[in-house]
Amino acid sequence: MIEVEHLTKRYGRTVAVDDLSFSVRPGRVTGFLGPNGAGKSTTMRMILGLDRPTSGAVRIDGKPYRELDRPLTRVGALLDAKWVHPNRSARAHLRWMARTNRLPNRRVDEVLETVGLSGVADRRAGGFSLGMSQRLGIAAALLGDPEILMFDEPVNGLDPEGILWIRQIMQRLASEGRTVLVSSHLLSEMAQTAEELVVIGRGKLIRQCGTAQFVDEASGATIRVRSPQVERLRGALHQQGIEVRDEVVDESPTLVVVGTSSERVGEIAAAQGVVLHELSIQRGSLEQAFLQLTNEAVEYHAHNGATTGNEGTDR
Amino acid sequence: MSAVNLISAESIKLFSTRSPWWCNLLAMALPVGFATAAVLSWPTDLPISVTEVQLGYQFGMMLVLVMAALAVTTEYRFGTMRTTFQAVPGRTPVLLAKTVLVAGVAGLVGLVAALGSLGVASLLHPVSELGLGTAHELRAVLGVAPVFVFSAVIAVAVGLLVRQSAGALAILLVWPMLVEPLVSVIPTVGEPVQQWMPFMAADHFLRGASSMIADPVLSPAASLAYFGVVAVGLLAVALVVARRRDA
């Protein structure tokens with residue numbers, strides 16, 4: 001259980017994290033979602049006691065991180081896969097970590113086995129691919145067999161196979177009853193892995209709720225209809241109790257229909273003899289809807305608006 | 001979190017990369033090489049003093065400063081300091097463990113370098129009857145070990161404060177090599193101030209009357225104590241800063 005309470009972090013006049021409160025419960029994957037620069041990594045560093053909050057507190061099973069005895073056995077974290085000395089072998093990296101928390105060397109071999117790095121354990125970590133570095137980071141997080149795990153953007157830059165492997169390992173860890181917190185700037189990624197979401201923007205909490213609920217709200221399938229007889233169509237749809245929104249696309253009046261199928265809209269239009277210029281299902285609106293939600297909370301906007309997908313990386 | 005485990009973890013770190021090995025090997029080889037050269041260029045019928053033989057300690061000290069500073073700054077460079085603080089969130093115990101290890105290794109290196117220099121010199125120059133008979137000889141030879149220990153402590157402290165290799169090494173090489181020897185150039189205050197420069201004090205401890213200090217206030221033994229106090233004081237400041245700062 002991670003409890004974040006009124007956490008605030010200021011760097012000079014910039015507020016990176018702003019009165020943030022949320023909790024992460026065991027037995028599920030909790031997604032920590034927000035656009036780049038929203039304060040996810042800063043929050044995670046404060047959870048681990050690496051950065052000092054300006055105000056507020058974080059408790060791990062009721063205690064501040066700094067008061068944990070042998071903390072690697074309580075919380076495992078992968079914040080950055082590149083935090084390894086490039087000239088040190090993977091095994092030596094894990095061995096010094098294990099030693100600090102009085103973990104047996106046997107654990108090092110076990111976690112290397114778990115992540116599939118046994119064969120390259122004695123090679124220098126600097127020569128590892130991103131996928132291998134990520135696996136080493138996960139091995140380090142699992143070293144103390146902790147109840148709580150945190151991963152910061154673990155799938156960034158990975159190939160599909162690597163992404164799938166990370167998703168599976170996170171879900172397995174949660175199904176074992178552990179607390180798993182995973183950050184991402186991609187809602188589509190979180191929709192695949194997380195059961196619950198903590199959504200933040202500009203350091204502020206936007207929403208903590210179930211992923212299904214968030215996705216439903218954010219992306220209720222919409223149908224776009226353009227017609228020269230917009231008024232008649234709207235009346236007809238209203239009569240059927242269908243929700244309609246007005247929009248202007250390319251200077252022509254457009255209806256956005258929510259909560260029905262394109263077939264139904266087409267049939268209603270035909271019955272009324274209404275001419276349609278467009279009848280299309282708006283897919284992939286998940287990211288867009290997410291961006292809309294976090295829009296005011298985005299730190300930097302592209303010049304032509306923020307409606308294109310945010311596919312950048314944090315670094 | 002027992003001290004033994006933390007020191008053991010730090011020794012895995014120190015000895016699992018190559019550069020500390022090179023630094024330490026060179027820190028032993030250079031003074032011995034210097035002693036060899038000094039003896040070979042000395043007239044064979046004139047006795048050479050132990051101070052002349054041990055002058056190469058300065059090269060060893062430079063390398064020990066580099067080794068100790070890099071033990072800290074590479075951790076900041078590659079982000080492993082964050083992992084370290086994650087594993088030991090109290091920070092001070094693990095930083096002390098690192099200091100103890102690095103300073104201990106530095107002391108051993110100093111001992112080997114000094115005894116090696118003495119050994120080579122007495123083999124090549126039997127006329128001098130070099131040995132460890134007098135207090136002066138004991139200081140000049142065995143004293144290299146504590147000087148290296150405190151030098152390493154200073155380097156760890158500077159590494160913790162500066163957190164990056166280039167800056168830390170610039171300070172650690174320019175300060176003892178250029179700043180301290182040149183302090184005496186300053187009119188009137190220069191000479192009295194110079195003997196309170198830490199590395200000058202260390203040099204006074206090792207070389208006594210042959211050191212650069214014109215009119216010493218402290219005895220050689222007190223000079224070593226002073227050097228130690230400066231090192232430990234600097235480390236204390238660095239530990240407080242490292243504890244407070246965002247990693």
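**Exercise 1. Find the residue that pairs with Asp122(A) in a salt bridge, and place both partners.**

Solution. Asp122(A) forms a salt bridge with Arg91(A), and their closest N and O atoms are 2.9 Å apart. The term stands for a side-chain nitrogen of Lys or Arg within 4 Å of a carboxyl oxygen of Asp or Glu. Next, place the partners. Asp122(A) sits in the loop between helix H3 (105-114) and helix H4 (130-142) of chain A, while Arg91(A) belongs to helix H2 of chain A. The two are 31 residues apart, so the pair links distant parts of the chain. Helices (H or I, at least four residues) and strands (E, at least two) are DSSP runs, numbered from the N terminus. Finally, check accessibility. Asp122(A) counts as exposed because its relative accessibility is 56%. The classes are buried (under 20% relative accessible area), exposed (over 50%) and partly exposed (in between), with a 1.4 Å probe and protein chains only.

The model is predicted: local features need pLDDT of at least 70, side-chain atom pairs count only at pLDDT 80 or more, and totals for chains, interfaces and linings use all residues. Residues are numbered from 1 along each chain as its sequence is written, chains are lettered from A and ligands numbered from 1 in the order in which they are written, and side-chain values use heavy atoms, with hydrogens and water left out.

**Exercise 2. Describe the salt bridge between Glu110(A) and Arg107(A).**

Solution. Start with the distance: the side chains meet at 2.8 Å, N to O. Then find the element. Both residues lie in helix H3 of chain A, 3 residues apart, about one turn of the helix. Now compare accessibility. Glu110(A) is partly exposed, at 32%. Arg107(A) is buried, at 17%.

**Exercise 3. Name the residues in the salt-bridge network that holds Arg172(A).**

Solution. The network links Asp145(A), Arg172(A), Glu176(A) and Arg178(A). One of its pairs is Glu176(A) with Arg172(A), at 3.5 Å, N to O. Glu176(A) is partly exposed, with a relative accessible area of 40%. Arg172(A) is also partly exposed, at 40%. Over all chains, the structure holds 25 salt bridges.

**Exercise 4. Describe the interface of chain A and chain B.**

Solution. Count the residues: 30 from chain A and 28 from chain B take part in the contact (heavy atoms within 4.5 Å). Then take the area. The chains bury about 2700 Å² between them, 59% of it on carbon and sulfur atoms. Buried area is the accessible area (1.4 Å probe) that two parts lose on being put together, summed over both. Leu50(A), Trp83(A) and Trp96(A) supply 26% of what chain A buries against chain B, more than any other three residues. Last, look for charge pairs. The rule finds 1 salt bridge across this interface. Asp246(B) and Lys9(A) meet in a salt bridge at 2.7 Å, N to O. On the side of chain A that touches chain B, strand E1 (2-11) and helix H2 (90-100) of chain A each give two or more residues. H2(A) gives the most, with 7 residues.

**Exercise 5. Locate Ser184(B) and list what Ser184(B) touches.**

Solution. Ser184(B) is in the loop between helix H9 (165-182) and helix H10 (190-194) of chain B. Ser184(B) is partly exposed, at 24% relative accessibility. Leaving out residues up to four places away in sequence, Ser184(B) touches Gly190(B), Glu191(B) and Gln194(B). Take Gln194(B): Ser184(B) and Gln194(B) are 10 residues apart in sequence and 5.9 Å apart in space, C-alpha to C-alpha.
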